[in-house]
Structures are given as C-alpha cells and as structure tokens.
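Me: Pick one part of this model and walk me through it up close, please. Give me a bit of the overall picture too.

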Amino acid sequence: MGSFTKFMASAIFFIVLSFFLVPTRTQEEGFISFVISSKGLEFSKDLLIEQAVSSIIPLQLPQIEKSVKIPLVGQVHVVLSNITIYNVDIASSYVETGDSGIALIASGATANLSMDWCYSYSTWLFDISDHGDASIQVEGMEVGVTLALNGQEGTLKLSVLECGCYVKDISIKLDGGASWLYQGLVDAFEGQIVSAVEDNISKKIREGIMKLDFLLQSLPKQIALDDIAALNVTFVGNPVFSNSSIEFQINGLFMAPNDDFASSLYNKGSLDPVPFNAPAKMVEISLHENVFSSVSLVFFKANYMQWVINKTPDQSLLNTAGWKYIVPQLYKQYPNEDMELNISVSSPPIMTVVNNGINITVYSDVTIGVMDADEVIPVACISLVCFLGVFLVLLN
C-alpha cells in the first residue's frame, strides 16, 4: 500500500496546485508558463530596491586629497577620509519593460554622508594643521539601471545594459577646526564628492546585479517530488517582454530523477487564453496537460501503479460472501473464502485539461485471488475503465 499512498499523494498535490493556476496560451516549447504582471513587477521592483539599499548601506567611498590655493594663506593640502554613505531614502520609483529588457528608475532620492577632514600648510616661519568632521546632504539623486534577461542553457542570464547615478546638489556642514575654510572646501571638493557618490553607487549596483545573476545561474534544474519523480524546471527560450508583463517558459515535465525526458514525445497544443476581464494577479501560471501526463507516465514506468489489497478496515469486503451478488459463480465455487485483489493500471492514466477542470481516464485490471492455505489462486479478472472529473473553482 506504500506505493499507492505515494501515488495518491502526488496526484492530490497536482490537483490542489491546479486551483491556483490560471489557464493561458502556451508557447511553442515550454509546458509551464509563468507570467509576471505589472502588479507583480511593481512588487518585485519595490522588493529589489529595498534589498539594494540595504546591501549598499553603509557604503565607504575612497579617500580624496587635493591641494587648494586659498587667498592670504597660500597652498593648503586637504584630505577627506572615512567618507561614508549611511542613509539613502527613495522618494519615487518605477519599472518599465520593453524589447531591450527591464528598466528600474529611482528618482528624487536623498542620501546622508559623514566624513573626516584635515588640512595642513606651511609658511617660512611655521606649520599649521587642523582637522574635524563633516556631514553631507545629497539632494535630487536619480539612479537607473537597464537589465537584459535571456535564457542560457536552461537557466536565466541577467546582465547590465546601462547603469547610472546622477546627483543634482549637495550641501556640506563642517564641525570643528577653522570655519573660515568652509567655502574653500566646498568649492574645491564638491565636484569630487559628487563624482565619488555617483561612481560608487553605480559600481555597487553592478556588483549586486552580478550576485543576482549568479543566484539565477545556480537555480536547480530539477526539483525532486520524491525518490520516484522530479520536475524538470529548466528554462526554455528567452523571456517574452510586453509593456506590462514578463512571461517565462520552463520545460515543466516530470521524469525519473537525473533522467533525460524527451519533450518531443508529447504533442503540443494550446490552452484557452486568460479571459480579458480576469482579475489582476501578481503571477499567473499555466500548465499544459502534458505536465500531468508526464507524472503519470513516470509512476507507471516505475511500477508504482500496482497494488495488492488483502486487508481492509471491514475485512468482510475481502470475503467471497460479500461478492456473491456481484460474481455468483465465485461464491458457489469458493464459499466464505478470504480474497486478495491485485489491481494494476494497464497504461498510463490519460489526463485532459478542459474548461474549469481536469478529466482523468484510467484503464486497469483487477485480478481476484482466493486464499487457499498459503497460496493465492487467481480466479477472475475484471477490466475497468475509470473516469474522474476534477472541477476547479477559483476563489477571489
């Protein structure tokens, strides 16, 4: 009965999964389709920006050194060190999709920086130096990145097409030291600080995209259901971009673990498209009926569709007396004898997707055996064709 339990658990899993699926038109190769809608893209964008900001902060910028000529003082050597971005706030953001890929834009951002400063200069009589710290406010920052997403050997390849950061304005407030150096410091270093912020934020974003690409490359190509069946989750083809969604195709067929499954064994068709007035979902998933057929084929080939029943909660059901009105000759020949049922599916169950449900057709043979001492004597065989209709109800 263990194999029966495993198969039924798998079947129930797919039936329950179907309640969350919205039928869509399948493309040429993939058997499972994922469509991320504009609502899903917006959610993903917010999550990605949140993760990007948390990974950037705190961001240490390179040290800046420069010699500045100050009236009445002369040549002053100034060093800015420990320049750190410790806070970034995003005012607004949006995502766009197109033929070239995905564009993420954040605008109206502000950032807060801290730094240490010191200066020194020499005259023919003495040396002078001073130091302190400063706070910097960055205003009107805009950050944008355009990404390409392509299929590559069963995985997704993410690459940066364009990436940039623009700072509109900064203000610097000095603490400690001589205040008379304030204006000279701003004039001399404002451009370098802006460039450092823009360059390093862009660099960090590119590094983050590389990590995300590595994560996509490391996604498994199989997901094991158990020790019998595994789902082939390799990506097929390139994602399809529209102005409001992205569609991904995966192979989606079940197979024995670590086995190659020939998709060409199945005839492709198409499912009904999503109704125009369907409620907006973040992600819509469609399954071709061959997904269901593949899992039934895997279990059939593994001989997990054969069951021997010799015990039931009501043991009288496995006695010829309980069958005397169904098979009278059986009771006459073997009165009040215990029985054993050997049930075997003769071919892989046929699963067909229809409107709002799934039709399942199972061809099986039931061999009736009579218990005679330690021997089971086959006495009859019944061929059955079972039809099961599973109706799906989507709850909003």
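**A charged patch and a leucine**

Reply: The protein exposes about 22100 Å², with carbon and sulfur atoms supplying 56% of that (Shrake-Rupley, 1.4 Å probe; for residues, only the protein chains shown count as cover). The model is predicted, so to speak with strings attached: local features need pLDDT of at least 70, side-chain atom pairs 80 or more, while totals for chains, interfaces and linings use all residues. Numbering runs from 1 along each chain as its sequence is written, and side-chain values use heavy atoms, leaving out hydrogens and water.

Of the 396 residues, 39% are buried (under 20% relative accessible area; exposed is over 50%, partly exposed in between). The protein has 5 helices and 20 strands (DSSP runs of at least four and at least two residues). Among contacts with a separation of 6 or more, 67% join residues 24 or more positions apart (contact: heavy atoms within 4.5 Å).

Now zoom in on Leu-212, which sits in helix H3, residues 182-217. Leu-212 counts as partly exposed because its relative accessibility is 29%. Leaving aside residues up to four places away in sequence, Leu-212 touches Leu-48 and Leu-158. Lys-157 is 55 residues from Leu-212 in sequence, yet their C-alpha atoms are 9.6 Å apart.

As for charge, Glu-337, Asp-338, Asp-372 and Glu-375 form a negative surface patch (residues over 30% accessible without a salt bridge, like charges joined within 9 Å; a salt bridge puts a Lys or Arg side-chain nitrogen within 4 Å of an Asp or Glu carboxyl oxygen). Asp-338 lies in the loop between helix H5 (328-333) and strand E17 (339-345). At 41% relative accessible area, Asp-338 is partly exposed.

Definitions and conventions. Patch = residues over 30% accessible without salt bridge, like charges linked within 9 Å, V, L, I, M, F, W, Y side chains within 5 Å. Lys, Arg positive; Asp, Glu negative; His and termini not counted. Charge placed at Lys NZ, Arg CZ, Asp CG, Glu CD. Buried < 20%, exposed > 50% of the residue type's maximum accessible area, 1.4 Å probe, protein only.
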